[in-house]
Amino acid sequence: TITTTITTSTSITHTIPTPISCGPGEFLNETLNSCIPCSSNSYQDAHKHYNTSCHPHMKCVNSNHVRIGQSSASNGVCIPSVQASSASSILQQSMLEQKCSSLCLVSVA
């Protein structure tokens with residue numbers, strides 16, 4: 001824990017924990033002075049923040065829409081249900097390609 005020490009004019013020293021900043025997908029627990037991951041039904045998209053809670057994942061307003069791309073760091077987006085299966089496949093393919101671009105070796109004949 002990083003602390004800040006303050007000495008008053010009466011020579012009493014107070015040690016006050018300096019809060020750490022949290023990142024996306026987590027919130028600041030002030031009691032523990034540490035960052036805690038958001039629960040599965042919430043998110044925090046801020047960077048270098050001191051927020052003490054995460055936001056709940058919002059439901060889509062239109063019942064014919066579904067939310068995709070939500071995570072502990074993102075609320076995701078709502079799209080029409082008929083596009084959801086196609087969008088989900090595209091999203092999975094994109095994630096696979098991103099992972100593969102850094103992990104896969106491609107042989108060139």
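Here is a short chat about a predicted model of a protein chain.

Trainee: What pattern does the protein chain follow along the sequence?

Mentor: Start with the inventory: the protein chain has one helix and eight strands. Reading along the sequence, the order comes out as β-β-β-β-β-β-β-β-α.

Trainee: Okay, on to Asn75. Is Asn75 buried or exposed?

Mentor: Asn75 sits in the loop between β7 (65-68) and β8 (77-80). Its relative accessible area is 15%, and the cut-off for buried is under 20%. So Asn75 counts as buried.

Trainee: Which backbone nitrogen does the side chain of Asn75 reach?

Mentor: Look at who Asn75 touches, leaving out residues up to four places away in sequence: Tyr43, Pro56, His57, Met58, Arg67 and Gln70. From there, the side chain of Asn75 gets to a backbone nitrogen at 3.1 Å, and that nitrogen belongs to Met58.

Trainee: Asn33 and Lys48 caught my eye in the backbone angles. What is the phi of Lys48?

Mentor: Take Asn33 for starters: it isn't a glycine, yet it has a positive phi of about 50°. Asn33 is in the loop between β3 (26-29) and β4 (34-37). Lys48, in the loop between β5 (42-43) and β6 (55-56), isn't a glycine either, and its phi is positive, at about 45°.

Trainee: And is Lys48 buried or exposed?

Mentor: Asn33 is buried, at 12% relative accessible area. For Lys48 the relative accessibility is 71%, and the bar for exposed is over 50%. So Lys48 is exposed.

Definitions and conventions
Residues numbered from 1 in each chain as written. Predicted model: local features only at pLDDT ≥ 70, side-chain atom pairs only at ≥ 80, totals over all residues. Heavy atoms only, no water. Helix = DSSP H or I, 4+ residues; strand = E, 2+ residues; numbered from the N terminus. Buried < 20%, exposed > 50% of the residue type's maximum accessible area, 1.4 Å probe, protein only. Polar contact = N/O pair within 3.5 Å; in protein donor to acceptor, adjacent residues only side chain to side chain. Contact = heavy atoms within 4.5 Å.
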